[in-house]
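Biologist: I am new to this structure and would like a close look at a single part, the empty space enclosed inside. Please then place that part in its wider setting.

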Amino acid sequence: MNKWIIAGILLAAGIVQAKQIENPDANTLWREDGSEIELSKGPGFKRWLAIPGKKELEIKPKNDGKGFSLFAKDAAGRKTVTRVKLSPEYPYLTFRITGFDLLQGYRNWTVLLEIGGFGSSQVTTPQKGIFVYDLYQNISEKEKAKKAAYLHFYLYNLRLDLEYLKLVKKPDYVVRAECADPEIKPGSKVRFTAELAEEAEDVSISLVTAGVPRPVQVNGKVKIQLKPTDKTQKIWTAEVEIKKLSLKKPCRRHQLFMKMDVLGGDLDEPVWVGLPYGIAP
């Protein structure tokens with residue numbers, strides 16, 4: 001019997017398949033890795049909402065035991081929702097996309113989390129890799145005080161494979177952006193710092209739009225070359241004065257990715273890090 005159908009039968013019968021794992025290690029507040037998936041008629045902690053009818057987003061663990069899949073078989077804007085804990089001590093939302101099936105028509109994945117107006121997406125040509133977002137940089141103290149929020153996934157004409165989805169203190173790979181201005185604009189100075197789990201031979205970043213992935217030129221160049229700060233070659237930096245950006249419209253926080261490409265070491269996929277600043281070109 002089709003595993004998607006089995007998941008629906010289990011949901012209708014009220015059988016609990018699984019749950020998110022809290023504090024699996026000192027670095028992680030919670031993790032969903034597909035080893036346990038609980039579906040429910042209503043969203044809540046450790047429960048994913050399955051909406052019956054046209055809006056139902058199908059969820060199932062992967063056959064190989066490495067993660068789980070979200071599947072929307074049409075352009076109906078299917079979604080699922082769960083409630084998750086939040087803490088400034090664990091600022092990074094991260095997930096790894098390992099594969100997808102692209103169906104005909106408009107294709108989109110979108111993730112929203114009710115803190116600081118967070119939202120991110122890819123449209124038409126989604127990409128594999130590790131996705132990392134700092135939820136707390138440049139948000140109000142009122143927002144930082146939130147203890148929990150609803151996390152939403154929307155899919156259109158797409159099957160998306162996730163190895164994990166988690167909230168952590170420090171990701172294995174991340175790019176940090178620091179700017180004295182509240183938003184990045186011509187004249188701003190931005191310091192980019194890449195932190196790696198393994199030493200590398202070369203590290204560069206490029207700004208890429210969310211939605212349809214398109215490179216954004218900075219001062220006439222697509223790539224920003226980083227340099228190692230010491231002999232470990234695990235921390236790489238670049239400081240850039242922004243003179244010109246090839247954007248026609250302003251972007252909100254996390255509407256651009258800092259796409260990191262690493263040569264050498266064990267990392268063989270890009271890291272997509274949300275830029276936690278608005279952009280005023």
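Modeller: Strand β7 (residues 78–85), where a strand is a DSSP run of E with at least two residues, numbered from the N terminus, gives the most to the lining of the second largest cavity, namely 3 residues. This is a predicted model, in which local features need pLDDT of at least 70 and side-chain atom pairs count only at pLDDT 80 or more, while totals for chains, interfaces and linings use all residues. Residues are numbered from 1 along each chain as its sequence is written, and side-chain values use heavy atoms, with hydrogens and water left out.

A cavity is a set of points on a 1 Å grid where a 1.4 Å probe fits but cannot get out, and its lining residues have an atom within 4 Å of a point. The structure holds 2 cavities of 30 Å³ or more, and the second largest has a volume of about 50 Å³, counted as the space filled by probe spheres set on the points. Around this second largest cavity stand Gln20, Glu22, Trp30, Phe45 and Lys46, together with Arg83, Val84 and Lys85. By character, its lining divides into 3 nonpolar residues, 1 polar residue and 4 charged ones.

For the wider setting, we can turn to the packing of the side chains. The largest nonpolar core, a set of buried Ala, Val, Leu, Ile, Met, Phe, Trp, Tyr and Cys residues joined through side-chain atoms within 4.5 Å, has 40 residues, and those with the most contacts inside it are Leu196, Val203 and Met260. Among the elements that give two or more residues to this core are β13 (158–168), β17 (202–209) and β22 (256–263). A second, separate core of 39 residues includes Leu29, Ile37, Val111 and Ala210.

Met260 shows how the largest core is put together: leaving aside neighbours within four places in sequence, Met260 is in contact (heavy atoms within 4.5 Å) with residues including Val174, Val175, Ala194, Leu196, Val203, Ile205 and Val271.

A further residue worth following is Ser121, which lies in strand β10 (residues 118–123). Ser121 has a relative accessible area of 16% and is therefore buried, since buried means under 20% with a 1.4 Å probe and protein chains only. Beyond residues up to four places away in sequence, Ser121 touches Trp109, Thr110, Ala210, Gly211 and Phe257, and Ala210 in this group is one of the residues of the second core.

How values were computed
Buried < 20%, exposed > 50% of the residue type's maximum accessible area, 1.4 Å probe, protein only. Helix = DSSP H or I, 4+ residues; strand = E, 2+ residues; numbered from the N terminus. 1 Å grid on protein atoms, 1.4 Å probe; cavity = no way out; pocket = protein on both sides within 12 Å on 5 of 7 lines; lining within 4 Å. Nonpolar A, V, L, I, M, F, W, Y, C, P; charged D, E, K, R; others polar.
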